[in-house]
Amino acid sequence: MGALSQAPATESSPLVRISHLEKLYPTRDNGNVHALSDIQLSIPDGAFVTIVGPSGCGKSTLLKILAGILDRSSGTVEIAGRNLEGPSKELGVVFQAPVLLPWRTVLANVLVPAEIQGLDPAQSRERARDLLSMVGLSGFENKYPGELSGGMQQRVGICRALINEPAFLLMDEPFGALDAMTRETMNLELLRIWQEKRTTVLLVTHSIPEAVFLADKVVVMTPRPGRIAEVIDIDLPRPRTLPMFNTPEFGRHVDAIRRHFNSGGALD
Amino acid sequence: MTEIAAREASPPTVPAPALPAGKKKASWKESRLVSPSLLVIVLFLWEALVHLLGIPAIVLPPPSAVLVSLWDGIASGLFLPHFLVTVTEILSGFALGGGIGIILGILIGQSAFLERVIYPYVVAFQTVPKVAIAPIIVVWFGYGLSSKIIITATIAFFPVLANTIVGLQSVPREQLDMLRACTASNWQIFRMARLPQALPFIFVGLDIAIVLSVIGAIVGEFVGARAGLGYLILQKNFTFDMAGVFAILIILSLIGVGLHFCVMFVQRRVLFWADSNKNRITGA
Ligand SMILES: Nc1ncnc2c1ncn2[C@@H]1O[C@H](COP(=O)(O)OP(=O)(O)OP(=O)(O)O)[C@@H](O)[C@H]1O
Ligand SMILES: [Mg+2]
């Protein structure tokens, strides 16, 4: 890994620094949709940060801006001390929809970023197989996306985001299409990868317990225009285990976040 | 002649990729049974009417006479050289027109700017009836194969071009976002998403083009030729051999249907993923 990990990674110099970020989408009638308003956020290197907020509050918009595929209207975004100008090879992105290429096999889909970035083919194939077996999809390497369920496609999308061993992982509701059991397993796997590779993760979820379970920090957003209502530090010990879901500390965090939703008039 | 002009003047411009849906497949079995029986009934009625009403053979030959003429033409070896000439014209014209259509489509499809600049001229050219410019092409390129190939190409290229352009622009924004997020170059995006995404559309264009190519070759031969099935139709017309004309029309239809199935066959091979993709979209 290059530039990102070379940057001095201390508490005082966060990996991502967002200030006064605004996003307006132009509409057909020459008006604007104010999607993001005055976003201030810094993400420490190696942190696991989750975002919760009502539907349409701009979570995907924020992730797309960080992925370098959407222009911001104003404000500054710095990643590893450098002004964000476009997509980066250090990034892995899981999109809200799986977005697989239907004419490629599952394995070939996972390899898309590796091909684009010219990574070693043999090594990447090996890694792709490992990732697929990690998400429970070994044996499906040569199937086509059309033959997979929505949840399986979403897991392929997760493998694709991890293939280039990104230093910074952006995940937009990666587990939305999964059943509760698979979801818990995937949560634990993700935490394992995160701890092993020391990546930084920014993950959007609609599940408040999931947000708390995974995170060092939970970012709570308000309805449109999306602002940051609060950033809650989660001090639960690591490594996180499933029984923690039932501890009183866990419940307190979940309640604190849920209150935001209720007062904002939006439900989870 | 007017019918030919009418058919080529109204090209299906922006067809959705007509991929066989599950529904079509279900009725396919029944149609395989009903369709031939319908033909037999029509032929029988035709034969009966011609005999009952005493219609002269130079106005409308009975199917039996057409079949005899068809068999004679094949067995005597009369049709074969003309058949080969016409098929050569059709395939060469189709390849030339289809090739130009795809290449020009890719060039124009690259940018909205090029489309605005070039496409109006292409449409203007398309609105000129090819029957009307066929004589000019014969004057320029002579009575041989090349003039027919070029006439065929001018007719075949437009549906391929129009569909290529639409297809290249049909890439979902999510796919573009995904590839751009992986730092894909424009060429990589073209190769990995635009072109595969355009293929179903291109095949729709090719399928229309192959059928139009048969018409193109015959139009060319009508205007001026020394060989080919269209030339043979004119000959038979002069000698009032109506059964012979009908026999050749049957051969032309068979060529058209056969080539259409060839395109379909290749399409199914190349677009193996498209069908299950359809299911994915409706299932998601
Ligand atoms: N391309 C676009 N053009 C115009 N408006 C857009 C566009 N994309 C998103 N928006 C608007 O911006 C707002 C935020 O959208 P965004 O997709 O970021 O929401 P979200 O928080 O991800 O919602 P969800 O939880 O439902 O995925 C929405 O009101 C949406 O209508
Ligand atoms: Mg979203």
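Where in chain A does A:R198 lie? Look in the loop between α7 (180–197) and β8 (200–204) of chain A, and you will find A:R198 there. Keep in mind as you explore that this is a predicted model. A:R198 is worth a pause for its backbone: its phi is positive, about 55°, although A:R198 is not a glycine.

A second residue with this feature sits elsewhere in the chain. A:H20 is not a glycine either, and its phi is a positive value near 50°. Unlike a loop residue, A:H20 belongs to a strand, namely β1 (residues 16–26) of chain A. Is A:H20 buried or exposed, or something in between? Its relative accessibility is 48%, so A:H20 counts as partly exposed; the label "exposed" would need over 50%.

Let's stay with the backbone for one more stop. Between A:R238 and A:P239 you can find a cis peptide bond, with omega at about -5°. To locate this spot, go to the loop between β10 (228–233) and α9 (248–263) of chain A, where A:P239 has its place.

Now let's turn to the ligand. Ligand 1 lies between chains A and B, and 14 residues surround it. The closest of these are A:S55, A:K59, A:S60, A:T61 and A:R224. Which element gives the largest share of this shell? Helix α2 (residues 59–66) of chain A does, with three residues. Sorted by class, the shell holds seven polar, four charged and three nonpolar residues.

Zoom in further and you can pick out individual atom pairs. A:K59 places a polar side-chain atom 2.7 Å from an oxygen atom of ligand 1. A:S60 also has a polar side-chain atom 2.7 Å from an oxygen atom of ligand 1. For A:Y25, the partner is a nitrogen atom of ligand 1, and the distance from a polar side-chain atom of A:Y25 is 3.4 Å. Taken on its own, ligand 1 has 630 Å² of accessible area, and the protein covers 72% of that.

Our last stop is on the surface of chain B. Here B:I136, B:V139, B:W140 and B:F141 make a nonpolar patch of about 470 Å². One of them, B:W140, is found in helix α6 (residues 130–141) of chain B. Why does B:W140 count as exposed? Its relative accessibility is 63%, and exposed means over 50%, so B:W140 falls in that class.

Key
Residues are numbered from 1 along each chain as its sequence is written. Chains are lettered from A and ligands numbered from 1 in the order in which they are written. This is a predicted model: local features need pLDDT of at least 70, side-chain atom pairs count only at pLDDT 80 or more; totals for chains, interfaces and linings use all residues. Side-chain values use heavy atoms; hydrogens and water are left out. Patches are made of residues with over 30% relative accessible area and no salt bridge: like charges are joined within 9 Å, nonpolar side chains (Val, Leu, Ile, Met, Phe, Trp, Tyr) within 5 Å. Accessible areas come from the Shrake-Rupley method with a 1.4 Å probe; for residues, only the protein chains shown count as cover. A salt bridge is a side-chain nitrogen of Lys or Arg within 4 Å of a carboxyl oxygen of Asp or Glu. Helices (H or I, at least four residues) and strands (E, at least two) are DSSP runs, numbered from the N terminus. Buried means under 20% relative accessible area, exposed over 50%, partly exposed in between (1.4 Å probe, protein chains only). A residue is near a molecule or strand if one of its heavy atoms lies within 4 Å of it. A polar contact is a pair of N or O atoms within 3.5 Å; within protein, one must be able to donate a hydrogen and the other to accept it, and residues adjacent in sequence count only if both atoms are side-chain atoms. Ala, Val, Leu, Ile, Met, Phe, Trp, Tyr, Cys and Pro count as nonpolar, Asp, Glu, Lys and Arg as charged, and the others, Gly among them, as polar.
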